[in-house]
Each structure stands twice: as C-alpha cells, then as structure tokens.
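This briefing introduces a structure to a reader who has not met it before. Please look at the sequence and the model before reading on.

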Amino acid sequence: MTDTHAIDIVSVTKVYPHRTDPVVALDNISFSIGDNEFFTLLGPSGCGKTTLLRMIGGFEDITKGQILLFGDDISRLQSNQRPVNTVFQQYALFPHLTVYENVAFGLKRLGRDTDFIKTQTHAMLELIRMAEFAERKPSQLSGGQQQRVALARALAPQPKVLLLDEPLSALDLKLRQAMREELKEIQKHTGITFIFVTHDQEEALTMSDRIAVMSNGQVQQIGSPKEIYDNPTNIFVANFIGEANILKAKVTGPEKSPAKASKAKASKAQAVAKDQVKLCVDLECGIKGLNIFSQSQFQKGKQINVMIRPERIQIKPLSRGRGKVNTVGGTVKSISYLGTDTQVQLLLDDGESLLARLQNTIDATSSFGVGNKVEITIPEISIRALSE
Amino acid sequence: MAGWITKGGNGAQTSIVDGKQHILLMPAWFVIGILLVIPVLVMLIYSFLTQDFRGGVIWEFTLEAYDQFFIDRGLFGDEPARIEWTYLGIFWRSFLQALFAMVFCFLIGFPTAYFIATRAPKSRSFWLFLITIPYWVNLLIRTVSMKFLIRDTGPLNNWLMSWGVIDDPISMINTNFAIQLGLFYSYLPFMVLPIYASIERYNFALSEAAADLYSNRWTTLFKVVIPAVKPGIIAGCILVFIPSLGAFLAPDLLGGAKNFMIGSLVEEQFKGQSGDWPFGAAVSMILLTIIMIILLFYARAQSRDNNGGH
C-alpha cells in the first residue's frame, strides 16, 4: 500500500427526493481508499453501501460532495467515461453473447486494436481458468462460472478501480469460500484496487485490507479487520462484527497505576491499540477498578457501555482460593455444542446475562453442566469502552 | 387448466394419457378444426374449381385460376404464354406497403414501448390504456374517419393552410402515403404490445453493465437492448407485416383504385356478380404460401439462435 489514494470520498451526501419524506441514503461521508487496497464496505441492507458503490461507478447522481479517482474529480462523469468497472450482483452477463464476446465487450468499446483485444481476452479467460468455455453462452454456465466471467469482463479493460457489488451472495457456501480465496489472489496478482460491498462480516474479515462499517448512511468505523473486531468504536460495530457482550460500567477516573504483576500484560495490550486512552471503570456486575481501553475520553462518574468478546471470557467451576482477579459468580443457563466451539449462556449473580464461547481443544473438558455455579473471569485487557 | 384436471382425483393425469378424457381437448380441436383447418381446406379446394359467371363455382377441377395469376396468354387466350405481371405487381406493391408499414410501426412503436416499460409500474397500465383506447372503435369507422381527416377540405389541410405552411391543400387521399397512414394507424399496437412485454422483462442491469463497459447510449441500444428484446421485436414485426400484407380496408378506402393491394384484389373476386371465386381463393392460397415460407425461415433462424454457441 502506498500513500496514493485511489478514491477520495469528499463529504458525499445522497438524498432520494420524495414529496413527503426524502430519504437520506448517505449523510456527509468522507474517507479515502488507498491504491492497491482490498477495501470493503460492510453493513446491513439499507445502510447505503450499495448506493455509495453505485455513485463511484456512475450509476447514481451525487446530491452533494465529490468523488476523486487518483485525484481527479469524476463526480460529473457518465459511467462510460469512468475508468472503473463493476462486477454486478446478479452478474448481468450479456445473454446473447458468448463468454469470449462478453469479456471482450469493454475492450471493443474502447476501440483497442484487434490483436490486443484477442491477447487480453484470452489472458483474462486464462486468469479465471475458463479458456475452454470461451464459445459458450452465459446460460450454459453454472453460477460460479458466470461469476468468474463477470469478474473477467470487468477486469479486461484494466480499470483503475474494480467495484464488486455483493458478487458472492448468489453462490452456495462452499463455492463462496473458494471464490474468496480466488478474489483475494486475483487482487494481489493484478494490483488493482478492489472496492467490495457485502453484508457478510465473515467475507469482509477474511478478504479485506480495510473495512468501512456502515449503517444508516454513515460510516461507523474504518479499520483493518483486526482493529474492527478487537476495538469496535460503538455498540453497532461491536454487534455487527461477530458476537459481543455489552456490559454497563461507570467511569471512576483515568488509568489507575497498574499492579506490578499485570504490567507485562498491559504493555502487550498497549501495542494492539496505540491511539487509545485507558480508563478506570467499575463494572455494574461487581468487578471494580478495571483499567480498560477506550477510543474516547469520558468524564468521571459517567455511565458507559463496555464490550467483551465471548471467546475472551474464562469459566471455571466454583472454587475456594485466593487471587480471584476480575471474577464474578454466575450460573450456567444453557450449553450449545457448535463443533469447533461450545457456546455457554451465563446468568451473572446480579441478573445480567453473558455469552461465552469455549474452544473445543483436545484437553477441553466440560467440567460443568447446566445449572452449575461457576466463576467467570473477564480479563481487563479484552474489555473495550464503546462510544455512544 | 392443468390444476383443474388434477383436482379430479388421483391418477387424473394418467387418465389423460390413456385417452379417457379426450373430451377436455375438444375446445382446442374445435378451434383448430372448425375455425382453421376446414376453412383453409375449403379455400384450397375452391382455388382448383371452375368459375361460375354468376358468382360461385362449378365443381370441375382445373388449374385455370393459377394459370390466370401467373401466365399471360393475351386478351383472347391465343397468344404465346408469357409471365403475367399484373398480379405479381400487385403482390410486389403490397409487399412494399406492408414492409414500410412494419418499419414505420417499429420506428414509432419501439420508443413508445420503451417509454411505457420504463415508467413506474403503476403508471404503465395507464399508458397502455391510452394506446388501446382508439381500438375500441371499429376499424372501418377509424379508417373512414382517417379519410375525412386527410381529405382536401379536411382538418389537416385546413390547419396547415391556416398556419401558412401550405397555400393549396395537399391531396393525400388516394396516395401511397394515405395507405401507409391507414396501415400504421391500424396496426401500431400490434408492434407496441409485444415489444413492451419484452422490455418489461428486460434486465436493466444489462444496460448498466454496457455503460460500465464504455458503451454510449446508442451502442447500448444496438449492442445490448435490441438483441435482448429481439423476440418481442420479431413478434411485433410479424404481427404488423402479415395483416398489412392482406389488409383491404386501408388500401380500399384511402388508396383508391390505382393503389390496388392484395386485400382489395381478393375482395373484388368475392363481391357481387362479377366475382371469380376460384381466382380469389387461388390468390389467397398464394399469399398464404408466401407467409408460411417467411414464417418457416423465421422459425429456422430462431432455433439456430437458441442452439447458438456450439
């Protein structure tokens, strides 16, 4: 990744006019996408991600703002004047043309010379391993093959940016997983910036360099998959990416000087989250004096939400002993076996419920059953304060 | 229909196969048999019979009618046989008229259909309704009205003169232009409706894909939209061309005697005492044969299209 921006979204707003209640699809969005990046727009349906992608492609007008492509304003260009290409959700292959003619379509419209069109089209068909299907019509291909042809067709004119509109949503699970790998590989191989729209968080996490999580026409958070999973900024992001326990807490002040024993752990955690501050909070469930990470500063005494991922919670049978740091008592409400993991629903002593996930490793023993009293440890380095 | 049959109980579907419920197919056989096969057979037989001079036929088989159509033996039938150009000429003119009517209907009908199909779903039925309103009136009345509209002292000429576009009325009655106008007005919906149905099913993501791949509006139209809605266009063309070829109201009322078309020629043979029924039947059979040949070519092109890519 270099410092060049492939795309700059500059205060872009999209309003769908309506007599009584106009819909704001995008609300003053600004961010940049780097050259060579695999960038994902992730969000539930109706969040504006597809609208934004279609605006970059030139299929929707921009109500306000600008879109820059490598520094040039493309906001007012027609889609056929923009050096970006799209892989459409339902592929939109031309049914009356063969695979070869579909892939060559863009190059022909650009008026490239015949020899170049031939070599480039064949190279694309090789890239997607469809050379032997060149003379087939789209209706004679399977869904996965059509998907690959749509990709080759969009890549053939060598666009500066490739837009992908939920391209995998129509495929079955196995094929989808295989295509993820293939897409990622093709992106690396071609070095073209990919902007990928999806509502599938797993897809986003496995493929992207960076993800923009969107909801209600706004960007909630932009970051690498790890940043977004580990340090979600708000409840929406925490809940949308993976599973999250949201607990109530009260800020008691800035960071308390850490105890000597936990100093090593604390500095390790520091490396994960550089631009974050530390807060001292009391959890409402009874654990007091935790030093946790936060992206924003809160005043002392403020009620905030904190998040912990289910797999970071530790559960032990009730025992008597010393050194019970960050531990509360609770009851096992239900246990579901999920193959790689076991999911445990817990009821804390104060009535709050908590979700935990334990990996079914070789030495994992289910030393407790439904109804058992257990000790629940919530490690403070895994807790994150969420903004409103 | 299938649902209705299966309601009859278990095994209802197999009983159709073993022939017990042929009665259900009776309406279809009735339509095809009584209304299609028998009339055409009657026509075929009549075309080989001898003309009775008071109208009607004499039951003596002869090739006289076909001979009259194709071969010229002079006024008294004693000259060496030459090709008779009179009727072939009428066919040729009718052909051109039908072809032009088809082209004009397409040029106006396609944009109209496209316009309607791209409106909001709610207002589409309103536009279709507008298109069909004139067709609630009988074709004869519409054609006669057209005659009044375009005659020398009619509203069109008056209007053009009052605006100073022309000084003297243009005589439009009894011209090819008048026939074209009549055919166009008679058959436009037959072009609009099938094309509309095709465009309504058209996936507009294809147009976006074409634009994305550097096509301008015209290349998108010619390289993507038209090929994708081709079946509707062909259906529309057939539905306009074939009735135009045999039309007799528009040519008769608007074209006058010198712009004779096939329809008028046939009509003439069955009208009054001077008619020649076998000759009228023969002309009809020749027209039918030509149309069948055109449709066969179309069907073959169609099946070649569908098996394409191999």
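The points below cover a sheet, a helix pair and the contact between two chains.

This is a predicted model, in which local features need pLDDT of at least 70, side-chain atom pairs count only at pLDDT 80 or more, and totals for chains, interfaces and linings use all residues. Residues are numbered from 1 along each chain as its sequence is written, while chains are lettered from A and ligands numbered from 1 in the order in which they are written.

**Sheet of chain A**
- In chain A, four strands (DSSP runs of E, at least two residues, numbered from the N terminus) build an open antiparallel sheet in the order S2-S1-S4-S5.
- Strands S2 (23–34) and S5 (72–73) of chain A each have a single partner strand, so one side of each lacks a neighbour in the sheet.
- S1 (residues 5–16) and S4 (residues 64–69) of chain A pair over five bridges, where pairing requires at least two DSSP bridges.
- Val10(A) has Gln66(A) in S4(A) as its bridge partner.

**Helix pair of chain B**
- The crossing of H7(B) and H9(B) (helices are DSSP runs of H or I, at least four residues) is right-handed (the near helix is turned clockwise from the far one by less than a right angle).

**Contact between the chains**
- 17 residues of chain B are in contact with 22 residues of chain A, contact meaning C-beta atoms, placed from the backbone, within 7 Å.
- Helices H10 (205–212) and H11 (217–228) of chain B are the elements giving two or more residues to this side of chain B.
- H10(B) gives the most, with six residues.

Definitions and conventions. Two residues are in contact if their C-beta atoms, placed from the backbone, lie within 7 Å.
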